[in-house]
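Student: Could we go through this model together, one residue at a time and then as a whole? I'd like to see the reasoning behind each answer.

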Amino acid sequence: MIFIVVKFKVKPEWSERWPELVADFTAATRQEPGNLWFDWSRSLDDPNEYVLVEAFKDDAAGDHVNSEHFKKAMADMPQALAETPRIVSRQLDGDGWDRMGELTIG
């Protein structure tokens, strides 16, 4: 799978509106056949930072970045960003989340 984490530093005036700005992009991406997950979180330390954790089947990432909703998001997002997003993108073995052995519940 392709595993991606992106940190988005948004302008303070966009910090509450960011989820609305990316809502259509998120919904469309989650509907892509090769999408495994596409989840947003907000930093506990910086209210102007959102973190996107996403994963795709190995052959699906290309379709994602070539989709119309991706292109639209890339055109819409800059107005709200304070800086260029930071990304980690890696190909990993597996197709989903593993259980954390150090903290097993029940």
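Student: Is V51 buried or exposed?

Tutor: Happy to start there, and keep in mind that this is a predicted model. The relative accessible area of V51 is 17%, and the cut-off for buried is under 20%. V51 therefore counts as buried.

Student: Which residues is V51 in contact with, leaving aside its neighbours within four places in sequence?

Tutor: V51 lies in strand β3, residues 49–56. Its C-alpha atom and that of K7 are separated by 4.6 Å, although the two residues are 44 apart along the chain. K7 is on the contact list too, which reads V5, V6, K7, D39, W40 and S41.

Student: Which element gives the largest share of the largest nonpolar core?

Tutor: That core has 20 residues, and F8, V10, W18, F25, M77 and L81 have the most contacts inside it. The elements that give two or more residues to the core are β1 (2–9), β3 and α4 (68–76). With four residues, the largest share comes from β1.

Student: Which residues does M77 touch, not counting those up to four places away in sequence?

Tutor: M77 is one of the residues with the most contacts inside the largest core. Its partners are F8, W18, L21, V22 and F25.

Student: And what pattern does the chain follow along the sequence?

Tutor: Let's count the elements before ordering them. The secondary structure comes to four helices and four strands. Read along the sequence, they give β-α-α-β-β-α-α-β.

Technical notes. Residues numbered from 1 in each chain as written. Predicted model: local features only at pLDDT ≥ 70, side-chain atom pairs only at ≥ 80, totals over all residues. Heavy atoms only, no water. Buried < 20%, exposed > 50% of the residue type's maximum accessible area, 1.4 Å probe, protein only. Contact = heavy atoms within 4.5 Å. Core = buried A, V, L, I, M, F, W, Y, C linked by side-chain atoms within 4.5 Å.
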